[in-house]
Amino acid sequence: MIKMISGDLAKLDTPCLVIPVSENKNLFHDPLISGLIQKAINSIDFKAKSGEEIFFYDMPEVKAKRTLFIGLGKFEKINGETLRAAAGKSIKRCIKRNISTMIFCVPDEGEMPGDSRDMLEGLMEGACLSNYIFDQYKKDKKHKPLKQIALYSHAHKDGKSHVPASSVETVCRGTILAREWVNLPPNDKRPEQFVQSIRRKAENENIRISILDEKALKKHKMGGILAVGSGSRSRPSMIILDYSPKKSVKSKTKIKTVALVGKGVTFDSGGINLKPSDGLADMKMDMSGAAAVAAALITISRLKIGLRVVGLIPIVENMPSGDAARPGDIITTFSGKTVEIGNTDAEGRLILIDAMSYAEKVYKPDAMIDLATLTGACVVALGEKIAGVFSRNRELADHIIDSGEKTHERCWMMPMPEDYKEMLKSDFADIKNITGVRWGGAITAALFLSEFVQTDRWAHIDIAGPAYAKKETDYCAAGGTGFGVRLVMDVIKKI
Ligand code: BES
Ligand code: MN
Ligand code: ZN
């Protein structure tokens, strides 16, 4: 989809040429581009402020039909995200006009503030990520994604750049795959269907797939997953995606194992503690952690990452019925510990603990990360765009937060105070799945999980806010955002 090009810009025929412009600095050496920018600025309607844009038609200096100038704002403030947004926005403009190809002018490397690699990567990501339309349920498919996006720069005369477009594209395809799963309506991704959909995608990769069906879950005494799944007609299961790099030259050092665990509730009605109808339809997104983990594994295999990565994905539908788990039920989890279910809507933690203790027992990972749309409280704390990170391992937490900054899948460190555990005490079982206190719900959920994890190298990422967007952004339509895929792909490089 993305291609690097160079050559004589004046002669390149295209329906749309895009030029990003900073308010207070010229980002291009090329006198042709500088001249075009001058014309846009002279038009008085364009100051290159962030968010500004202007179309010109048939500019005599170039063959392009349209020239779109996109404002980047103040030079000092430009970063990877600025370019991600600019690229995303320009793609959206082209899609709206039913254009199928475009040329985006890449600012000269030396003329960019900060890390030029991050900028170019951001630009490529913005282009890829915005070029996706979820329209499989619409008869009238008004618009199509672009067929090709060319990035023009005279710096890559040899057609190469130090950021390989193909690997950026592979990661973005992962994000789009996760979005696709999240966007599916809950009637078309009930647990059995969702599991098969993941299996079909992973089958084409270098991934070992195993599925623990209900029988196997019973055999392993995974009381958490079974309890949450019991109210649904569609049977629960856990899918395990196990990737190992092919034996290569560098097999002298022992390769590390990373476990990724993703919450896969295909629809969270709340169960017997039924949720109010407000926003209930959005609860199809409660499998966003699962989608991110499955898509990350597929991406990891495509990029032949040099780690063993195991994705453990418990998949259930949380429904009320005559067979559903009740408040007051006491279940025995895989770990052997008993849990009193105080509220059937605190179901995510019940399925995660079985998956995580299984991960530790079977795979003995060097690091474990779980992604889950776990609590509304985390959205209250950090808003809809920032995930909460909980970890007692400072190094791992810092890796995640740094990757969040780089990818703009932002993460914020949250505390795990020991004394708050008090609130999870049960009169009848080893622990309870709720506190009965209104405050600090994201923290007590993380503390509940921590009671079932042995390793110190574990981080929990609560993505309840950023996994789903009510409104479109510059490079993501309304709906699933695929949050976590780019983040995890960046984090695992550092493990
Ligand atoms: N899936 C929800 C959390 C959620 C809320 C995700 C909003 C995305 C947006 C989770 O299963 C849940 O229901 N959590 C409860 C926990 C409570 C019962 C202790 C919550 O956050 O209210
Ligand atoms: Mn719930
Ligand atoms: Zn849930």
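**Exercise 1. Decide whether Asp-329 is buried, partly exposed or exposed in this predicted model, and describe its surroundings.**

Solution. Begin with the neighbour count: Asp-329 has 17 C-beta neighbours inside 10 Å. A residue is buried if 20 or more other C-beta atoms lie within 10 Å of its own, exposed if 12 or fewer, and partly exposed in between. Asp-329 therefore counts as partly exposed.

Next, locate the residue along the chain, where Asp-329 lies in the loop between β11 (308-318) and β12 (330-332). Then look for its contacts: leaving aside its neighbours within four places in sequence, Asp-329 is in contact with Ala-227 and Ile-341. Finally, take a distance to another part of the chain, and you will find that the C-alpha atoms of Asp-329 and Arg-199, which are 130 residues apart along the chain, are separated by 33 Å.

**Exercise 2. Find where Lys-493 lies, and decide whether it is buried or exposed.**

Solution. The first step is to place Lys-493, which lies in the segment after α13 (485-491). The second step is to count, and this gives 12 other C-beta atoms within 10 Å of Lys-493. Since 12 or fewer such atoms make a residue exposed, Lys-493 is exposed. As a third step, consider Asp-462, which is 31 residues away from Lys-493 along the chain, with 21 Å between the two C-alpha atoms.

**Exercise 3. Examine the backbone angle phi at Asn-98 and at His-408, and describe the setting of each residue.**

Solution. Start with Asn-98, which is not a glycine and yet has a positive phi of about 55°. Asn-98 is found in the loop between α2 and β5 (101-105), and with 10 other C-beta atoms within 10 Å it is exposed.

Continue with His-408, whose phi is near 65°, again a positive value in a residue other than glycine. The place of His-408 is in the loop between α11 (394-407) and β16 (411-414). Here the count is 18 C-beta neighbours inside 10 Å, so His-408 counts as partly exposed.

**Exercise 4. Work out how helix α2 (residues 80-96) and helix α3 (residues 116-130) are arranged, and which residues make their contact.**

Solution. First consider the axes, which come within 7 Å and cross at roughly 30°. Because angles under 35 degrees count as roughly parallel, α2 is roughly parallel to α3. The crossing in which α2 passes α3 is right-handed.

Now turn to the residues: on the α2 side the contact includes Leu-83, Ala-86, Ala-87 and Ile-91, while the α3 side includes Met-119, Leu-123, Ala-127 and Leu-129. Sorted by class, the contact of α2 with α3 has 9 nonpolar, 5 polar and 6 charged residues.

**Exercise 5. Carry out the analysis for helix α4 (residues 165-183) and helix α8 (residues 288-302).**

Solution. The axes of α4 and α8 come within 8 Å and cross at roughly 150°. Because angles over 145 degrees count as roughly antiparallel, α4 is roughly antiparallel to α8. The handedness of this crossing is right-handed.

The residues of α4 that meet α8 include Val-171, Gly-174, Leu-177 and Trp-181, and among their partners in α8 are Ala-291, Ala-295, Ile-298 and Arg-302. By class, the contact of α4 with α8 has 10 nonpolar, 5 polar and 1 charged residues.

**Exercise 6. Describe the packing of helix α9 (residues 348-363) and helix α12 (residues 441-450).**

Solution. The two axes are 9 Å apart, and the helices pack at an angle of about 30°, which makes α9 roughly parallel to α12. As a next step, note that α9 passes α12 in a right-handed crossing. The contact is made by Arg-349, Leu-352 and Ile-353 of α9 together with Ala-445, Phe-448 and Leu-449 of α12. By class, this contact has 5 nonpolar, no polar and 1 charged residues.

**Exercise 7. Describe the protein chain as a whole, and explain why it can be called as compact as a globular protein of its length.**

Solution. Begin with the secondary structure, which consists of 13 helices and 20 strands. The radius of gyration of the chain is 24 Å, close to the 23 Å that the globule rule gives for 495 residues, and so the chain is as compact as a globular protein of that length. Taken along the principal axes, the box filled by the C-alpha atoms is roughly 80 × 55 × 40 Å.

Then consider the interior, where buried residues make up 49% of the 495 residues. Lastly, among contacts with a separation of 6 or more, 78% are between residues 24 or more positions apart.

Methods:
Residues are numbered from 1 along each chain as its sequence is written. Chains are lettered from A and ligands numbered from 1 in the order in which they are written. This is a predicted model: local features need pLDDT of at least 70, side-chain atom pairs count only at pLDDT 80 or more; totals for chains, interfaces and linings use all residues. Axes are lines fitted to C-alpha atoms, for helices over the stretch in contact, and angles run from 0 to 180 degrees between N-to-C directions. Helices (H or I, at least four residues) and strands (E, at least two) are DSSP runs, numbered from the N terminus. Angles under 35 degrees count as roughly parallel, over 145 as roughly antiparallel, 65 to 115 as roughly perpendicular and the rest as oblique. A crossing is left-handed if the near helix is turned anticlockwise from the far one by less than a right angle, and right-handed if clockwise. Two residues are in contact if their C-beta atoms, placed from the backbone, lie within 7 Å. Ala, Val, Leu, Ile, Met, Phe, Trp, Tyr, Cys and Pro count as nonpolar, Asp, Glu, Lys and Arg as charged, and the others, Gly among them, as polar. The radius of gyration is taken over C-alpha atoms; the globule rule is 2.2 Å times the number of residues to the power 0.38.
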